[in-house]
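Work through the exercises below with the sequence and the coordinates at hand. Each task is followed by a solution in steps.

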Amino acid sequence: MARLEKELFHKVKRANLKYQMIGNGDRVALGLSGGKDSLALLHALIQLRRYTPLQFDIVAITVDLGFGSDHNGLKQHCRELNVPLIVEPTNIGRIVFEERKENSPCSLCSNLRKGALHRVALAENCNKVALAHHLDDAVVTFFMSMAYEGQARCFKPSSFLDRTGLTLVRPLVYVPENLIIRLCKKLNLPVESNPCPAAGQTKRALIQKWLAVLDNHHPQAKLHFLTAIEKLYWQ
């Protein structure tokens, strides 16, 4: 493995060991949007299976939002990696932006995408769903909850869903976004552009910009925030 791939592998292996996300015999549905994060997660899970004793299946699932995206590069990439890919067509984009005309579309879109992903995962007999939330996502989510909801909360690395029987896992929680960006460029991964009309204009984007300014002055800030989140909510 090259240096960046080793760094990714060690961080994912550490998270998996600490939070018992993926084990022997699991059938893991990977939410593969085509963005940089989910592509990095795909490679991380392949590394985890290749370089540890763990034996588990990976099924990649792309929830197509109906924006006319071209997934041919994604399909070819999964074929080369020998990972089955299921593209699930939906009309989520039309529902959110044309029918509902949401002023804050992210919440509804997220819920609809999760529903479609879980439905396909269950149909494929998966017991785990792997999401590509990374270190920066955890920190941003934490500050969003405080800024917009007056609460201090964050998603967990592993969560069991009573309604479906699925377990959501986030193997990238120790992986910073800048590592993912560098890895995707190094491996020339087929990253798809984000077709969402609200991309870059959300509340999340505003918090990301604020954290980027802080990061320029104190590069360890996000790591320290994650450490605090882990001590408060994940232990």
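**Exercise 1.** How many of the five residues of strand S1 (residues 27-31) are buried?

Solution. The model is a predicted one. Step one is the cut-off: a residue counts as buried under 20% relative accessible area. Step two applies the cut-off to S1: four of its five residues are buried, and the strand is mostly covered.

**Exercise 2.** Find the strands that pair with S1, and give the sense and the number of bridges for each.

Solution. Start with strand S2 (residues 57-64): S1 pairs with S2 in the parallel sense over five bridges. Within this pairing, Val28 lies opposite Ile58 of S2. Then take strand S4 (residues 128-130), which pairs with S1 in the parallel sense over three bridges. Here Ala29 has Val129 of S4 as its bridge partner.

**Exercise 3.** Determine which unit S1, helix H2 (residues 36-51) and S2 make, and its handedness.

Solution. Recall that S1 and S2 are parallel. Now add the helix: S1, H2 and S2 make a β-α-β unit, and the unit is right-handed.

**Exercise 4.** Describe the protein chain as a whole, from its elements to its surface.

Solution.
- Count the elements: the protein chain has nine helices and six strands.
- Compare its radius of gyration with the globule rule: the value is 17 Å, close to the 18 Å that the rule gives for 235 residues, so the chain is as compact as a globular protein of that length.
- Take the extents: the C-alpha trace spans about 45 × 40 × 40 Å along its principal axes.
- Determine the buried share: 46% of the 235 residues count as buried.
- Look at sequence separation: among contacts between residues at least 6 apart in sequence, 76% join residues at least 24 apart.
- Finish with the surface: about 12,500 Å² is exposed, and carbon and sulfur atoms supply 50% of it.

**Exercise 5.** Is Val175 buried or exposed, and which residues is Val175 in contact with, leaving aside its neighbours within four places in sequence?

Solution. First locate the residue: Val175 sits in the loop between strand S6 (167-169) and helix H7 (177-187). Its relative accessible area is 0%. Buried means under 20%, so Val175 is buried. Next list the contacts: beyond its neighbours within four places in sequence, Val175 touches Leu8, Lys11, Val12, His134, Leu135 and Ile180. Finally, check one separation: Val175 and Phe9 are 166 residues apart along the chain, with 9.5 Å between their C-alpha atoms.

Conventions:
Residues numbered from 1 in each chain as written. Predicted model: local features only at pLDDT ≥ 70, side-chain atom pairs only at ≥ 80, totals over all residues. Heavy atoms only, no water. Buried < 20%, exposed > 50% of the residue type's maximum accessible area, 1.4 Å probe, protein only. Helix = DSSP H or I, 4+ residues; strand = E, 2+ residues; numbered from the N terminus. Pairing = 2+ DSSP bridges. Right-handed = clockwise from strand over helix to strand, strands pointing away. Rg over C-alpha atoms; globule rule 2.2 N^0.38 Å. Contact = heavy atoms within 4.5 Å. Areas by Shrake-Rupley, 256 points an atom, 1.4 Å probe, with all protein chains shown as cover.
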